Amino acid sequence: MTTHPGKKESRFDPEPMPRRDFLGLAALGSMIAAFVFSVFGMLKLPKAAVSATLSKKFNVTLPDTLLEGEAFIPPGRNVAVFRDGEGVYAISTICTHLGCIVKASGTGFDCPCHGSGFEKDGTVRKGPAPKPLPWLKVAKNGAVFNIDEGTTVKSGTKV
């Protein structure tokens with residue numbers, strides 16, 4: 001098949017590919033690519049896509065040097081544990097405005113994201129936080145306190 005009937009082709013010029021052959025090769029290439037991607041996807045299936053998360057319940061031993069009314073924040077947790085004359089209680093350190101982690105300050109807690117302020121008992125000192133910090137369930141087992149981050153209790157509940 002010639003593209004220019006009057007022009008003589010050199011024997012070194014490649015012969016033009018017919019359209020049917022080109023479409024057949026393109027379909028074959030697409031099929032091979034789909035097969036390779038499906039095999040790659042199947043190889044990823046046995047691996048679980050689950051990341052390890054911390055348990056909502058954990059045990060805390062309060063340090064002996066913890067002063068009354070001072071916050072103890074266990075490493076890696078978003079909880080502040082307090083001890084006072086009436087008992088021990090825990091408050092979540094997740095801001096009720098948009099979920100930022102509040103930082104302990106001299107007056108209570110301050111949200112670094114939007115400026116909310118909370119007292120040491122979790123009540124809102126300044127907005128935009130709409131609600132106080134939730135109190136968490138605490139159970140005592142000897143000198144160890146079991147804190148459940150998933151369960152909130154009425155504010156003022158102490159163990």
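**Notes on the aromatic cluster and the sheet**

1. Phe109 has a relative accessible area of 1%, so this residue is buried. Please keep in mind while reading that this is a predicted model. Phe82 gives a matching story: its relative accessibility is 1%, and therefore Phe82 counts as buried too.

2. How do the rings of Phe82 and Phe109 sit against each other, and at what angle are their planes? Their centres are 6.0 Å apart and the planes stand at 80 degrees; because an angle over 60 counts as edge-to-face, the pair is put in that class. Phe82 belongs to strand β2 (residues 79-84) and Phe109 to strand β5 (residues 109-110), so the contact of rings ties together parts that are 27 residues apart in sequence.

3. A second pair is worth a look on your screen. Tyr89 and Trp135 are stacked, with 4.4 Å from centre to centre and 15 degrees between the planes. Tyr89 comes from strand β3 (residues 87-92) and Trp135 from strand β8 (residues 135-141), so this pair ties together parts 46 residues apart in sequence. Both Tyr89 and Trp135 are buried.

4. How many aromatic pairs turn up in the whole structure? The search finds 3. Ring pairs join Phe82, Tyr89, Phe109 and Trp135 into a cluster.

5. Now to the sheet. In what order do its 5 strands run? The order is β1-β9-β8-β3-β2, the sheet is open, and the pairing is antiparallel. The edges are taken by β1 (57-61) and β2, each of which has a single partner strand, so one side of each is left without a neighbour in the sheet. On average, neighbouring strands here are turned by 30 degrees against each other, ignoring direction.

6. Within the sheet, β8 pairs with strand β9 (residues 144-153) over 7 bridges, in the antiparallel sense. If you would like a residue to anchor the view, Leu136 stands opposite Thr152 in β9.

7. A last point concerns Lys131, which is found in the loop between β7 (124-126) and β8. Which residues does Lys131 touch, leaving aside those up to four places away in sequence? They are Thr96, Phe118 and Val124. Leu45 and Lys131 are 86 residues apart along the chain, and 43 Å separates their C-alpha atoms.

How values were computed
Residues are numbered from 1 along each chain as its sequence is written. This is a predicted model: local features need pLDDT of at least 70, side-chain atom pairs count only at pLDDT 80 or more; totals for chains, interfaces and linings use all residues. Side-chain values use heavy atoms; hydrogens and water are left out. Rings of Phe, Tyr and Trp (its six-membered ring) pair if their centres lie within 6.5 Å; planes under 30 degrees apart count as stacked, over 60 as edge-to-face and the rest as tilted. Helices (H or I, at least four residues) and strands (E, at least two) are DSSP runs, numbered from the N terminus. Buried means under 20% relative accessible area, exposed over 50%, partly exposed in between (1.4 Å probe, protein chains only). Contact means heavy atoms within 4.5 Å. Two strands pair if DSSP finds at least two bridges between them. Axes are lines fitted to C-alpha atoms, for helices over the stretch in contact, and angles run from 0 to 180 degrees between N-to-C directions.
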